[in-house]
Amino acid sequence: MRQTLFAPLTIAGISHHTASVPEIEEFRFADEDVFLTEAREWFKGVALLQTCNRVEVIVHGEPDILVEFLESRGRSQFRLYQDKEALSHLLELAAGIDSLIIGEDQILGQLRRTLTKSEELGVASPILTLCINKAIHTGSEVRRRTGINNGAISVGSAAVLLAEEQLHTLEGKRILILGSGEMGVLVTQALAAKQLSAIYVANRTLDRARVLAHKIDGTAVPMDDLYRYLALSDVVICCTAAPHPVIRAKDVSEAMKGRTWPLDGEVKPIIIVDIAQPRDVEEEVGKIDGVCLFTIDDLRQVNDTTAQLRQEAATHARAFLEEELDQFIKQYNRRAADETLATLHTWAETVRVRERDRAFARLQGYDDHAREIVEDLTRALTRKLLADVTMSIRFCAERGEITLAEELVSAIIRGEGLCSRK
């Protein structure tokens with residue numbers, strides 16, 4: 001069976017596979033609403049997935065137009081996926097195969113929020129909605145069938161493991177978490193059994209910090225006191241959604257003056273793990289004496305004892321996704337055919353109404369009952385006359401035979417005969 005798509009789907013992406021944290025940060029779109037609204041003028045549907053280690057622009061549209069659109073906004077050096085490859089990439093993305101931490105579950109929620117955002121702004125076409133929902137469903141099924149997420153860690157828990165490797169143990173340590181969103185929750189979950197001396201939660205909204213701190217018997221910290229608690233901590237994990245750095249080199253340098261070992265005067269080291277995107281910590285912070293700064297790039301080196309098991313599960317997952325891809329293409333093409341069918345059915349309805357009105361004009365003294373009978377009769381005839389051709393067009397769509405489907409519609413609407421086919 002041919003693997004042609006009935007309508008174009010294109011994804012332009014940049015991720016941890018080929019780009020560093022600064023490169024991903026530079027590629028990001030600060031105002032998602034503005035980006036999506038502008039993109040809607042170029043494409044039938046558009047969605048924007050932005051996480052800590054990737055940016056993916058998904059459009060119901062042609063690849064050359066997407067390239068032109070992104071380049072007009074100063075974006076380049078991205079990977080382009082189109083048609084069947086785009087559908088396959090979307091499935092692998094949702095399955096967690098393409099994630100920094102193989103099998104992580106967070107991507108499913110991120111895809112749901114991506115679709116919700118597009119739908120709220122009115123920029124999600126039926127094709128795009130189908131694609132993302134299908135990917136989410138398949139991603140959930142992959143996890144159920146293969147256990148690819150068994151023992152998998154999130155980016156948040158990987159940050160905790162990295163800190164633990166650096167200090168050998170977190171027992172008795174003080175931890176400051178900057179940010180109380182989804183990533184902050186994942187970090188606190190990973191810290192639950194670490195027997196910490198103290199855990200602080202700082203957030204722009206103090207009430208949200210209090211909610212998270214209450215769950216873990218921690219202490220909520222006002223942002224005004226951020227650097228005082230930073231100086232008290234052994235580890236700082238940053239994961240806010242702020243569009244600009246929250247921890248600045250000048251303030252950290254000042255706070256570090258209070259971190260000295262007794263007698264010898266050496267600075268007591270502090271570990272800062274920045275897993276936010278855009279970054280929460282200014283790059284210059286890593287140059288300050290006593291500060292060990294880590295970013296998402298460093299998480300790739302985390303020693304994950306379950307990685308081999310999940311790699312094996314990923315192999316089984318890919319086999320399942322290959323089978324699903326054929327069904328996905330059929331679903332995609334059936335949905336894509338709706339636009340062609342809409343043209344046909346709109347034409348048929350116009351003809352039906354015209355002939356119905358002519359019949360009414362010839363009738364004398366008809367009542368509402370007679371009018372209802374004629375209305376029902378013309379609707380039933382139209383449905384029956386279009387039933388076979390509708391099935392034929394959907395069958396053509398499933399096979400990716402765009403030209404033949406268009407010729408069928410053309411033959412009916414314009415009275416044109418089908419061209420001879422080899």
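Here is a walk through some helix packing, charge pairs and buried spots in this structure. Keep in mind that the model is predicted.

Let's start with helix 13, which runs over residues 307-362. Its packing partner here is helix 15, residues 402-413, and the two axes sit 10 Å apart at an angle of about 10°. Angles under 35 degrees count as roughly parallel, so helix 13 and helix 15 are roughly parallel to each other. If you want to find the contact on screen, look on the helix 13 side for Thr 340, Thr 343, Leu 344 and Trp 347. Facing them from helix 15 are Val 409, Ile 412 and Ile 413.

Stay on helix 13 and pick out two glutamates. Glu 322 is found in this helix, and so is Glu 324. Which of the labels, buried or partly exposed, does Glu 322 get? With 47% relative accessibility, Glu 322 counts as partly exposed. Glu 324 has 17% relative accessibility and counts as buried, because the cut-off for buried is under 20%. Once sequence neighbours within four places are set aside, Glu 324 is in contact with Lys 134 and Thr 138. Glu 322, for its part, has its C-alpha 9.4 Å from that of Leu 91, although their positions lie 231 residues apart in sequence.

Further along come the charge pairs. Side chains of opposite charge can pair when their charged atoms come close. The model has 24 salt bridges by the rule used here. One of them joins Arg 354 and Glu 355, with the closest N and O atoms 3.2 Å apart. Both ends are partly exposed: Arg 354 has a relative accessible area of 40%, and Glu 355 comes in at 34%. There is also a network, in which salt bridges with shared partners join Glu 349, Arg 352, Arg 356, Asp 357, Glu 375 and Arg 379.

Now for two pairs elsewhere in the chain. Lys 117 forms a salt bridge with Asp 33, and the closest N and O atoms are 2.9 Å apart. Lys 117 lies in helix 5 (residues 106-121) and Asp 33 in helix 2 (residues 32-39), so this pair ties together parts that are 84 residues apart in sequence. Lys 117 is partly exposed, at 26% relative accessible area, and Asp 33 is partly exposed too, at 32%. The other pair is Glu 164 with Lys 194, whose side chains meet in a salt bridge at 3.0 Å, N to O. Glu 164 belongs to helix 7 (residues 155-167), while Lys 194 is in the loop between helix 8 (182-191) and strand 6 (198-202), so the pair ties together parts 30 residues apart in sequence.

Next, a loop. Where is Asp 280? It is found in the loop between strand 9 (270-274) and strand 10 (291-295). Asp 280 is buried, with a relative accessible area of 0%. Beyond its neighbours within four places in sequence, Asp 280 has contacts that include Leu 178, Cys 238, Thr 240, Pro 245, Ile 247 and Asp 274. Cys 239 is another of these contacts, and its C-alpha is 7.1 Å from that of Asp 280, with the two residues 41 apart along the chain.

Finally, head out to the surface. Leu 377, Leu 381 and Leu 385 make a nonpolar patch of about 330 Å². Leu 381 is found in helix 14, residues 368-398, and at 46% relative accessibility it counts as partly exposed.

Technical notes:
Residues numbered from 1 in each chain as written. Predicted model: local features only at pLDDT ≥ 70, side-chain atom pairs only at ≥ 80, totals over all residues. Heavy atoms only, no water. Patch = residues over 30% accessible without salt bridge, like charges linked within 9 Å, V, L, I, M, F, W, Y side chains within 5 Å. Areas by Shrake-Rupley, 256 points an atom, 1.4 Å probe, with all protein chains shown as cover. Salt bridge = Lys/Arg side-chain N within 4 Å of Asp/Glu carboxyl O. Helix = DSSP H or I, 4+ residues; strand = E, 2+ residues; numbered from the N terminus. Buried < 20%, exposed > 50% of the residue type's maximum accessible area, 1.4 Å probe, protein only. Axes fitted to C-alpha atoms, helices over the stretch in contact; angles between N-to-C directions. Parallel < 35°, antiparallel > 145°, perpendicular 65-115°, else oblique. Contact = heavy atoms within 4.5 Å.
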